[in-house]
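Morning, everyone. I have one structure to show you today, and I will keep it short.

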Amino acid sequence: MIGFLAKMEDQVEAVTSLSRKSRFVILVLLCICVSVLYINYTESKKPTVRSLDDLKRLWNIGQHRHDDVIDQTHKSPPTITSAKSSSYRILDSSGLVFQKGSTLRLVIEARDLAGTRTTRGGDMWFATVNSLNPKASTSGNVVDNGDGTYLVQFYAGWVGVAKIDIILAHPKEACDFVEERVWPAEDRQVWSGVFRVQDGKKLKTTKTTCLLQRNGTKWDNTCEYWYPAEMGDTTLVCGKPEDKNTWSCDDLYSLGVMKARVDLTASELIQGKEYLFEKANVMQIVEQGPKHIKIDGTQDVRSVSLPPCQPDLPDQTSEGFWFKDKWHSLRCRNTPWHNPTVDHIAQCFKGKSVFFLGDTTARQLFEAFHEAIGLKFLLRSDDAHYRFIRHHSSLNLSVVYQARPLLTTSSQVPIGETRFETDILNNLKDQKCNSVILLSPSSHTFLDRMNFLEMVKFLKGAITDLLARCPKTPIAVRGPHPGVHGTFTSSVYGNNIILRDIRDILKETLQGTGVFFLDSWDINVAYPSPNHVVLPVDVAKQEVALFMSYVCKDFS
């Protein structure tokens with residue numbers, strides 16, 4: 001160590017012994033070298049998409065962080081609907097005491113930040129009644145009267161003291177902005193595309209940027225990937241790799257979301273309207289109103305006369321209620337299938353191929369399904385987070401979870417190992433018609449509204465064709481569930497306004513096709529803890545119970 005310091009001292013002395021002019025020249029050269037190294041380093045970190053004018057604005061990212069956007073506070077205008085100023089009152093003459101099995105009715109009066117009564121509808125409200133003893137909860141059906149008041153109706157399904165929560169999910173201003181600006185906006189998702197080739201024993205890779213475009217436009221120096229049977233006119237467009245002698249468009253191997261770029265486009269999209277997505281205007285509880293009611297009667301939870309779970313069931317004032325961790329549907333007879341007998345399994349699923357297709361929620365239901373029929377789900381070394389395949393020889397039962405392409409995960413996902421729901425349905429050629437299908441297309445909120453409508457149209461066609469080939473195939477389509485968002489981007493792109501629209505689009509488009517619509521909205525709103533993208537375990541179990549009640553209604 002001492003020897004090293006001595007050498008350093010000699011080197012410093014040698015430099016300082018030079019003339020002042022020589023020392024200045026050396027300093028300038030050092031600065032130039034450092035600058036060149038820094039430029040080369042930063043340029044090497046930048047992906048190259050030299051040919052897409054639509055992507056130019058995406059390159060100038062700077063040091064953008066989504067946390068900076070979340071932490072900002074923007075002042076709301078005084079005319080925006082406010083949970084602090086709004087109130088509610090109970091309409092029934094019985095006061096605060098209700099009989100089990102009756103309907104609780106109340107009305108919300110919306111006011112703005114200044115305390116003025118609003119005279120128009122359009123706000124988005126959630127309403128729940130819940131108790132701890134017994135553990136029970138339900139959600140209220142909210143009807144917009146169009147004049148600043150909202151009628152809420154609850155079903156009193158249990159006995160005890162219960163708490164009322166009226167929640168302003170989004171004010172009208174946010175609903176209008178999302179419908180007019182956010183939901184129709186294209187280019188909201190950006191992926192990093194990895195091109196891969198085998199050069200002898202060496203594997204070479206390079207990256208470019210990819211996004212979705214529509215209307216058949218032709219770009220220069222790009223790779224275009226069409227999915228006409230699944231997405232119509234919407235195209236995945238990627239920048240063409242710079243070295244054309246090494247890589248071709250056929251070498252695109254995988255896609256992973258470029259989160260910083262997605263955050264940037266989201267912040268640009270809502271510029272000037274940031275306050276609509278901040279805490280003060282999202283999921284705020286109304287405090288002005290009676291907080292507790294009493295429900296009298298006997299505590300037994302008897303099922304009312306309900307039809308079997310089947311397609312095209314009429315809407316109900318209340319979808320159901322939670323009681324001691326079980327969902328009691330008021331729409332159809334849902335059997336508690338999570339402890340079924342071996343006879344039920346043998347009769348209903350023996351020899352079947354069960355498919356869970358779509359988003360990550362389908363993967364959760366795939367796992368819960370195994371628990372429901374008494375087969376433990378364990379991860380295997382050949383599993384991928386976008387595909388699970390199981391065969392249970394004792395029942396001759398095959399169960400598959402398959403994710404669709406264009407996943408919104410930052411992990412690189414091989415494009416050849418994901419498949420569209422429509423593609424799978426169109427290629428089911430089972431002559432024995434032994435398939436059972438659950439589709440969950442609801443979480444694809446990165447698609448713009450036109451793109452989603454187009455995708456659902458093709459999905460409807462694939463369902464119709466499959467049922468023409470195999471008329472008795474049980475097909476269920478799971479609707480979206482609302483949730484609390486943990487990131488800035490999900491609060492903009494995956495907000496409850498878009499999710500509610502997706503729910504309505506699926507219900508209306510698939511009406512009359514012969515599929516069972518598994519409506520997940522109220523079962524999640526009513527669940528007595530905040531919901532995120534990932535379902536609570538109890539909710540996943542009860543949704544599988546509804547699915548199985550539909551598939552196995554002849555064996556219930």
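I will go from the whole chain to one sheet, then a buried strand and helix, the disulfides, and a few backbone details.

First, the ground rules. This is a predicted model, where local features need pLDDT of at least 70, side-chain atom pairs count only at pLDDT 80 or more, and totals for chains, interfaces and linings use all residues. Residues are numbered from 1 along each chain as its sequence is written, and side-chain values use heavy atoms, with hydrogens and water left out.

The overview. The protein chain has 15 helices and 24 strands. Those are DSSP runs, numbered from the N terminus: helices are H or I with at least four residues, strands are E with at least two. Of the 556 residues, 50% are buried. Buried means under 20% relative accessible area, exposed means over 50%, and partly exposed is in between, with a 1.4 Å probe and protein chains only. The accessible surface is about 26900 Å², and carbon and sulfur atoms hold 53% of it. Areas come from the Shrake-Rupley method with a 1.4 Å probe; for residues, only the protein chains shown count as cover. Now contacts, meaning heavy atoms within 4.5 Å. Take those between residues at least 6 apart in sequence: 73% join residues at least 24 apart.

Next, the sheet. It is open, with 6 strands in the order β19-β20-β18-β22-β23-β24, and the pairing is mixed. Two strands pair if DSSP finds at least two bridges between them. Which strands stand at the edges? They are β19, residues 387–392, and β24, residues 516–518; each has a single partner, so one side of each is left without a neighbour in the sheet. The twist averages 15° from one strand to the next. For angles, axes are lines fitted to C-alpha atoms, for helices over the stretch in contact, and values run from 0 to 180 degrees between N-to-C directions.

Inside that sheet, β18 (353–358) and β22 (435–440) run parallel over 6 bridges. G358 stands opposite S440 in β22. Helix α9, residues 360–372, packs on the sheet and touches β18, β19, β20, β22 and β23. Its direction makes about 160° with that of β20. Helix α11, residues 449–469, lies across β22 and β23, at about 165° to β23.

Now a buried strand. In β12, residues 235–239, 5 of the 5 residues are buried, so the strand is largely enclosed by the rest of the structure. T235, V237 and G239 are on one side, L236 and C238 on the other. β12 pairs antiparallel with β10 (202–213) through 4 bridges, and with β11 (222–226) over 5. L211 stands opposite V237, and W226 opposite T235.

A buried helix, too. In α15, residues 537–551, 12 of the 15 residues are buried, so the helix is largely enclosed by the rest of the structure. Its length checks out: at 1.5 Å a residue it should span 21 Å, and the end C-alpha atoms are 21 Å apart. The expected span is 1.5 Å times one less than the number of residues.

On to disulfides. A disulfide here is a pair of cysteine sulfur atoms within 2.5 Å. By that rule there are 5. Counting bonded cysteines along the chain, the pattern is 1-3, 2-4, 5-6, 7-10, 8-9.

Take three of them. C210 and C238 have sulfurs 2.1 Å apart. Their S-S torsion is about 110°, so this one is right-handed. It links β10 to β12, 28 residues apart. C210 is buried at 0%, and C238 is buried at 0%.

C348 and C552 come in at 1.8 Å. With -85° about the S-S bond, that link is left-handed. C348 lies in helix α8 and C552 in the segment after α15, so the pair ties together parts 204 residues apart in sequence.

C433 joins C470 at 2.0 Å. This link is left-handed, at -70°. C433 is partly exposed at 26%, whereas C470 is buried at 7%.

Last, backbone details. N133 and P134 are joined by a cis peptide bond, omega about 5°. P134 is in the loop between β4 and β5. Two non-glycine residues to look at have positive phi. D325 is near 70°, in the loop between β16 and β17, and partly exposed at 33%. N396 is at about 50°, in the loop between β19 and β20, and partly exposed at 45%.

That is my tour. Over to you.
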